[in-house]
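I opened the model to look up strand pairing, helix packing and the surface beside the DNA. My entries follow in the order in which I made them.

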Protein chains: 2
Amino acid sequence: MSSLHDPIAPGDRARRTTISDVSEALGLTKSTVSRALNDYPDISEGTRTRVRRMAQKMGYRPLATAQAIRTGRVQAIGFIIELSEHDANRPFMAEFLAGISRSASAEGWTLTVAASSSQDETLDIISRLRSESKADGFIIPRTLAHDRRIATLRHNYIPFVMFGRTQSAEPAAFYDIAGEDAMRAAVMCLHALGHRRIAFINGGTQYNYSRLRMDGYRAGMAQAGLGIDPTLIAQECLSEADGYRAAQAMLASDQPPTGFVFALDRAALGLYPLADEHGLKIGKHLSVIAYDGVAEGAAVTPPLSTYSVDIARAGERLGALLIRHIRGEAAQDLQELEQATFLDRGSAGPPAFTSDQLSAHLGGQIPSGAHTNGRNTT
Amino acid sequence: MSSLHDPIAPGDRARRTTISDVSEALGLTKSTVSRALNDYPDISEGTRTRVRRMAQKMGYRPLATAQAIRTGRVQAIGFIIELSEHDANRPFMAEFLAGISRSASAEGWTLTVAASSSQDETLDIISRLRSESKADGFIIPRTLAHDRRIATLRHNYIPFVMFGRTQSAEPAAFYDIAGEDAMRAAVMCLHALGHRRIAFINGGTQYNYSRLRMDGYRAGMAQAGLGIDPTLIAQECLSEADGYRAAQAMLASDQPPTGFVFALDRAALGLYPLADEHGLKIGKHLSVIAYDGVAEGAAVTPPLSTYSVDIARAGERLGALLIRHIRGEAAQDLQELEQATFLDRGSAGPPAFTSDQLSAHLGGQIPSGAHTNGRNTT
DNA sequence: TCGTTTGCCGAAACCGGTTTCGGGAATGCA
DNA sequence: TGCATTCCCGAAACCGGTTTCGGCAAACGA
């Protein structure tokens, strides 16, 4: 259709140099040049370097779409935005994509992005993009403990790298931050400050990270010689409102916690208004350490101490790993686990109240049910 | 290189149906099928529908990368994330991309994303992606009054659609929200509520929207029969801190404004702590109407009244327009201007103080210079 | 009725690469 | 010196499409 009338295309766009241009300049055939550039063993070392040099000199870069029709590969990384997710990760999106894009373009690759509104649609998009040669492999964020996406990818022999880990016997390529270590260290930190009642407020249990962070909390408690009290553990707290409610319930108990470990910054932010309402100061009467490093954490008073994740770096590493995987490296050689960076910003300190004192203080208060507005993050 | 060893590709992936499959099934040649599907005039109506039906039945979809090597088009929309931008628009990114992706996949197209850290790099990326057939055209966000990207695109005959407008004689395809109308209406609204001193706090002047919103403010003031007071106008206020400072300066004057129109929600959020410090209630002593519809605006007390922009819809419309443009429709037929949606959430009301009363109230206060922390949005 | 146009489709080249196949020249071994 | 390898590279097919060209048959005009 667009071929009949073309009001946009120029009369004659500057043509790129093709493989034929290179071969003619050398007095060789296309096939020789192609094999030389692709390191075929039946090309002599001399010819190989001669071709290399000439290609370099002429600025030749093979056209990815042309290669694709034979090889099935376009040199593109696939990434799918799942809008069904709670939007906690949305603000990161730009930096994450930028990270991926950086490592991609460093290798002459590009990034293909699609949006999905459900798990099923994601699976469809994955196979569609692959079969249409729009992406050679995928970066899979927010891995679940049991992830259908992984099954689909494996079944279709589509290369992928996870941001996060998953429970599976077969090895898979991944990049992840050791959230479990961070949680363990957070507990140890609070314990060292003198806290004895330490709560853990976890994220969504469907996610694999949540299991790991829980493990980390348990490990920390064990290491500190503290027992696990189930009433000091909450799950599924993704938003500020969730965190508020979970902490509220715990503070209402006989032996309220003086220290809080949150699996998510966003949930931890719910502790601030709660403390306000009870006249408690964070960093003094209540201590909190969280995880993620969201921007809002720096804006509250006192700023939230947190284990921060460099999301752009994550994207960059993931992109690099995926490209290597697509080029043939084995999954088990493509696993990177890094540590989060602790930002000590003052929201955790020595407890001014023991749990008993805290309980007494809170007992003398009208149980606040008045706090309703402003909790809902759209 | 990847051709020598291939530990990932399956023995035999399910082959897609090709144009040859279709032509053989019909007893026609590839060329006839191709021309039939592309609406060439030298194919009879009968054959055309016969081919259509068979292609449909066999689930044939032309392989974009194969088409590309002849046509130069991959059916992909290009979008570049500029990290050099102030990060105000980052949170929108996911939804914006999702919008683009929706309209793209509705037509069987995809979205190619790249990141850039400078204007110059952006220009490079644009031509590189185009010449490598990784994108057929581009969506250009945050248009400037005089935009080098537009010049580059025009010069290289690369189709594009702007999110925003620009100052240029030649017509260009765009989708935009009439920010000028919103600003005018905001002024009228405040005037109707009884405000007579109405300030305007604008965004970055390099952006084209800023000029337009300023025009809208002026138009509103004229329409309301109010004169323009240059001391009630501020520029370059992008962040909460910027908004705080600009409003602070205005409140310090002899005739402080009682009504504020902000070109950006984010800057408007700076008015809240400022009001707090002076014991003023927003929606009562100070009224404010802003523009964008960011999530944080709903969380403050009272929620910020604002002209909200549906960013996902913007992405979707832009994608649709770009595809039509690439298919041959003229730029002047591809211009859409929509209105922002006013969300009246209570931050604007009848002024409890006149400007004089407000001045008196503020005069009795210690000029606050103490407010320093928490203003910086990372 | 006959030459000419028009409508419609097949044949083949082409796009820019990759990959298979085969053979000439240089080398190995006897 | 003769024969079998091995080393290299050219020739050509191929990938899945698009586009040009040419020709046959039917419709047209005179």
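I began with strand β6 (residues 198-201) of chain A, which pairs with β7(A) in the parallel sense over 2 bridges. Pairing here requires at least two bridges found by DSSP between two strands. Helices (H or I, at least four residues) and strands (E, at least two) are DSSP runs numbered from the N terminus. Opposite Phe200(A) I found Ile233(A) in β7(A).

I noted the provenance before going on: this is a predicted model, in which local features need pLDDT of at least 70 and side-chain atom pairs count only at pLDDT 80 or more, while totals for chains, interfaces and linings use all residues. Residues are numbered from 1 along each chain as its sequence is written, and chains are lettered from A and ligands numbered from 1 in the order in which they are written.

**Sheet with β6(A)**

I traced the open sheet of 6 strands in chain A as β7-β6-β8-β9-β10-β12, with mixed pairing. β7 (233-234) and β12 (341-343) of chain A are at the edges with a single partner strand each, so one side of each has no neighbour in the sheet. I then looked for a helix on this sheet and found α8 (residues 179-193) of chain A lying across β6, β8 (259-262), β9 (287-292) and β10 (305-308) of chain A. α8(A) runs at about 165° to β9(A). Axes are lines fitted to C-alpha atoms, for helices over the stretch in contact, and angles run from 0 to 180 degrees between N-to-C directions.

**Sheet across both chains**

I followed a second open sheet, of 12 strands, in the order β11(A)-β5(A)-β4(A)-β3(A)-β1(A)-β2(A)-β2(B)-β1(B)-β3(B)-β4(B)-β5(B)-β11(B), and its pairing is mixed. Its edge strands are β11 (335-338) of chain A and β11 (335-338) of chain B, each paired on one side only. From one strand to the next the twist averages 20°. I checked the chain A end: β5 (residues 173-177) of chain A and β11(A) run parallel and are joined by 4 bridges. There, Phe174(A) has Gln335(A) in β11(A) as its bridge partner.

I found α6(A) across β1 (76-82), β2 (110-116) and β3 (137-140) of chain A together with β2 (110-116) of chain B, at about 150° to β2(A). Helix α6 (residues 119-131) of chain B lies across β2 of chain A together with β1 (76-82), β2 and β3 (137-140) of chain B, at about 150° to β2(B).

**Helix pairs**

I looked next at α6 (residues 119-131) and α7 (residues 148-155) of chain A, whose axes come within 10 Å and cross at roughly 20°. That makes α6(A) roughly parallel to α7(A). The class limits are: under 35 degrees roughly parallel, over 145 roughly antiparallel, 65 to 115 roughly perpendicular, and the rest oblique. The contact joins Gln119(A), Thr122(A), Leu123(A), Ile126(A) and Ser127(A) of α6(A) with Arg148(A), Arg149(A), Thr152(A) and Leu153(A) of α7(A). Contact means C-beta atoms, placed from the backbone, within 7 Å.

In chain B, I found α2(B) and α3 (residues 45-58) packed at about 95°, with axes 9 Å apart. α2(B) and α3(B) are therefore roughly perpendicular to each other. Thr32(B), Val33(B), Ala36(B) and Leu37(B) in α2(B) meet Thr47(B), Arg48(B), Val51(B) and Ala55(B) in α3(B).

Between the chains, the axes of α4(A) and α4(B) come within 8 Å and cross at roughly 135°. That makes α4(A) oblique to α4(B). I listed Thr65(A), Ala66(A), Ala68(A) and Ile69(A) of α4(A) and Thr65(B), Ala66(B), Ala68(B) and Ile69(B) of α4(B) as the contact.

**DNA strand C**

Which residues come nearest to DNA strand C? Of the 27 around the strand, they are Ile19(A), Ser31(A), Ser34(A), Ser31(B) and Thr32(B). Near means a C-beta atom, placed from the backbone, within 6 Å. α2 (30-37) and α4 (64-71) of chain A and α2 (30-37) and α4 (64-71) of chain B each give two or more residues to this surface. The largest share, 5 residues, comes from α4(A).

**Backbone**

I found a cis peptide bond from Thr301(A) to Pro302(A), with omega near -10°. Pro302(A) sits in the loop between α13 (296-299) and β10 of chain A. The bond from Thr301(B) to Pro302(B) is also cis, with omega near -10°.

Conventions: Contact = placed C-beta atoms within 7 Å.
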